[in-house]
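Student: Hey, could you walk me through this one? I'd like to pick a spot and then wander around.

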Amino acid sequence: MLRYFRRLEERSQELGNHRRKHVHAVDKHGRLLIDRLEESGLFDRVHLRQPAQDPSAEMDAVLEAGRDIEEKLALLGTYYSIQFLQMNIRSIDLLRLDASGARDRTGVCRDFIRGVGDDFLRLIGGYMTRVLDLSFGDEPRPGFVVCSVGTRLHQDDVDLGIIDDGSKARVNLNRAIAKTAREMMRYASVPDFYLSEHVGAEGYTVSIDEYRRRLDKKILDFVSVTEILSVYPLVGSQALFDRFRRRIIGRYYYRPRGENREHEGYLRGLLGEIESLMLWPHEPERIHPKEDLLRLVGAIVSAYRCVYRIEESDRWEAMRLLGKKVRLYREELASLEKNYTYVETFRHLYQAFSAQKEEIDLVDPVEQNTLQQVALTMGYEDVGVIRAREQLLVRYFQHVRHGRQTVRALVPLLSEHIRKTSVFSAWMRPEAPDEAPVPKKNLPIDFLRHVRYFEGIKYWNDLLEAIENERGDLLDQFLSDMLALDEPHREQILKYYAHWGYQTFYTLERLMVAFGRNTRKRGAREVFEGLNRAFLDTVRGTPDDIRRLATVFVHYPFMTYRYLTLMDDRSLAEFHSKLGGEVWDAQAGRWRDWLVRLCEILRRSSRFFRRSIDRVCENHPEYLLYFGDLKKLDRIAKGILADLLRLPSHELQKKELGAYYDLQFLRIGLATLQGMPLSQLDAEFTEFADYFLEILFDVCKAEVDAEQGRRLLTHDLLALFVAGGHARERAHQDDYDLVVLLNSDSDDVHEYTNQIITRLNREISRRGIMPQYHLADRFGSFVTRFSELENFLSGEGKTSYVDMSQLLGARQIVGSSRLEAEFNRRIIEGCIYENKEIYMVSVIGEIESRRSFMGEQCKGPEFDIKECRGGLRDLEMGMLLWKVMYRIRDPIGGRFWDVLAERCPGQRWEFKELKESYQFLNRLRDVYRLSVAPVNVLNPAFMGRPAELLGYRSGDGLSAGEKLFRDHSKHCNRVAESLDRLIRDAVKFEGGTSPPEGRAEALDR
């Protein structure tokens, strides 16, 4: 390059490679430009080594110096390149100067970014004016105006909208525009004619009448409208521009007494865009300033401009004017302007130093160096080990987060505005008593007729809310009108709805949930199934389909969960299969995996287990995203428990304690479906259930104390025991057998403790758990005195097998160790162990009678896993016998078999086999409860799902369910034979001869 331009070349080195085009132009034609200016005596009128104060006047001088059209175009392009580089270098130098030590970085950035935009428009406008003049030559010219319609800062290309008068001279204009476009591609910014293409122009230009005819048929997409609203005249007729503004742009501003169809369509498009941008997945290692915030701000500002009729297209000026008009959100708009200014400055500098691209890779070393360059330019400095770029990124993320929150806060006003001005507003408001009735039309068809104009619109929240409103009649009318159609017509209409909803999965899923949940309304289920069938046929499982489905799930997890639970097994399997394809974006891939996991859980879950998901996720839908991270769910639950005592009221404490229980119950259920070992499941379930009861007792006691204004000490007087499955430390118990004993004969203390247990009982029931108090049925009170229980067991209760069994299996949750010792001494040893022969006879008799009864009752394929021969009840009875026989203190459960093996080493292997069967049967019962139904009577026809979860696979002519059923039968037969033999031998040993008459024979049968 000439020495004259050496400094310009050197300074341009810090700019990105996309600036090379301009450096090349100067290198190629710079010598010629100087020569021609000197020859013509115009050199002093043109600035070549510094920015021009009046570039238009200097361009005229350059044209005057050229000899022919081709040379004039080359010299003009070279001059443009020089001034383009000078403009960018100067603006960056000024920013560095103003940002160094500046307290108001926002003000500095605002002045910088607006100055760059104004300078660029002035430069490109002057250049295009003169190139167009040369391109026209002497040909007739129509009336026209060339407008900038995009952001004023993006310099790599320039978005143009060209309006003409529609005359025959348009041919000459299009030819001149084509020549101008070629020159701009050589020397200036590349022209983009997006607006003309989307309006449907044959060439580069569109007339006002053509705009009007196009808009009468169908709305423009919101991107095109946004460009129209941002028009800034560069070249041409101001009068034509003013007419365009009145007749076309004016359609999009709210007219209180006029038609607002275009206005509504544009606002719906913008709100759909805002919702989409809020949901879009982002890689944590990448940032995207345009998607992160700039498009959001552009959309919200454009929407507010249309509502409040702000014609100013400059975004900063528009926000200032809106701050004056919208007093309710004045602070939010001022804050948003700061966020927008910072991110726009960040983006412009990055593109100036690197490349005209939007996505920035934060882990790429080259990108990190560019970010450091941006940070230093904006006034940041390295502080110790903290680099300037790190400070820059922290502030960037803060501005993005605050800006997005502000945009979200500004949306409700627009939503309410649409609701009031919509062409559908009459559907959403009740008729006034004196209002003339509107002729009824078929609502589903009428809606489709209206939305033809709103093609591509994604925002329909106002209509969805009206349909979901239980007090309104819109849903009833919609369903009634849909059912009024004959079946082929209804099927066709539902296909149209599926096609319409394909534009926005969120809207369609929400609509289907509104139908599917209202099962009491006539036709709701039928319409849901028909629409869901049409939707599944429409979804193709493309990468974009998968991304959109996963994105809706992540941002609206409970709605997606409801939609999935409304589907039958076949539809859910089909939906699951749609998610199996390729995903291009890594973040979307992770989201897809979360949705796939939820589908798999629901395909394996019973309604019983889904209710536990409902209880937790209705208040905390985000937990649906953590179903693959059980440790995180456990941390959340423990955090709820830790925060409990900080809550100000007992009612809130009970509520959060219930949330703790529900979440832990859900976590253990998920762990069961994922194959956690039975011993670990039982231990973790028992731990949180015991915590729940213990803390709930304390809260209820404190509540009674607060209400009565006194405090009674009950630690050595009151004991709460659990019996049944909870006492055996078994998971997935949906009922609690409770024994509450009071070691006091005081009526006052008895009444006081009954109040505590009454409250505890109510809170347990709220969790969907059935509290049972067997002794309460006998003694007439939740709380049983030690003395009355002792007297009963010493007298008529000697033969009460049920009472003794419950007490033998009881495990203390609340109370002192002294009280537990008293219970063991007076009740277990004094009343049960002392009468163990009677108890053993009762147990053997119970086994006999139950087997006989079940043999008569169970004639079909179903079997009772608890009560059948060799089932769980037999195992429990056997454990109770041995507990009494050997006076074992340990609770009956999985570990009890190890205790027996130590006590009876000769039968160690038999007890090991019984333990295996005990674990198998309990595991089968748990999985069946969670995957089929919470019952003990199992149906072989439904064993397929439990079999799959337990790892069975079809083969050897048998299905997985048949294999599981076969193994169940083997375990039950082995249990029955082993138990009968072991109990008979143990009873003979205990009695010295044989069991009481007839009992051994009963066991043999």
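**Starting at one arginine**

Tutor: Sure, let's begin with Arg268, which is in helix α11, spanning residues 261-279. Keep in mind that we're looking at a predicted model.

Student: Okay, is Arg268 buried or exposed?

Tutor: Arg268 counts as buried, because its relative accessibility is 0% and the cut-off for buried is under 20%.

Student: So which side chain does the side chain of Arg268 make a polar contact with?

Tutor: That would be the side chain of Asp462, at 2.7 Å.

Student: What else does Arg268 touch, further off in sequence?

Tutor: Skipping residues up to four places away, Arg268 touches Ile418, Ser422, Phe424, Ile457, Tyr459 and Trp460, plus Asp462 again.

Student: New topic: which residues touch the most other members in the largest nonpolar core?

Tutor: Tyr127 and Ile300 do, in a core of 139 residues. Helix α5 (residues 105-136) gives the most to this core, namely 15 residues.

Student: And what is Tyr127 in contact with?

Tutor: Leaving out neighbours within four places in sequence, the list includes Met59, Leu76, Tyr80, Met184 and Tyr187. Glu183 is one of the contacts of Tyr127 too.

Student: How many residues are in the second core?

Tutor: That separate core has 123 residues, among them Tyr502, Val527, Leu572 and Tyr623. In soluble globular proteins, nonpolar side chains tend to be buried together.

Student: Which residues form a nonpolar patch on the surface?

Tutor: Val383, Val385 and Ile386 do, and together they have about 300 Å² of accessible area. To find the patch, look for Val383 in the loop between α15 (365-377) and α16 (388-421).

How values were computed. Residues numbered from 1 in each chain as written. Predicted model: local features only at pLDDT ≥ 70, side-chain atom pairs only at ≥ 80, totals over all residues. Heavy atoms only, no water. Helix = DSSP H or I, 4+ residues; strand = E, 2+ residues; numbered from the N terminus. Buried < 20%, exposed > 50% of the residue type's maximum accessible area, 1.4 Å probe, protein only. Polar contact = N/O pair within 3.5 Å; in protein donor to acceptor, adjacent residues only side chain to side chain. Contact = heavy atoms within 4.5 Å. Core = buried A, V, L, I, M, F, W, Y, C linked by side-chain atoms within 4.5 Å. Patch = residues over 30% accessible without salt bridge, like charges linked within 9 Å, V, L, I, M, F, W, Y side chains within 5 Å. Areas by Shrake-Rupley, 256 points an atom, 1.4 Å probe, with all protein chains shown as cover. Salt bridge = Lys/Arg side-chain N within 4 Å of Asp/Glu carboxyl O.
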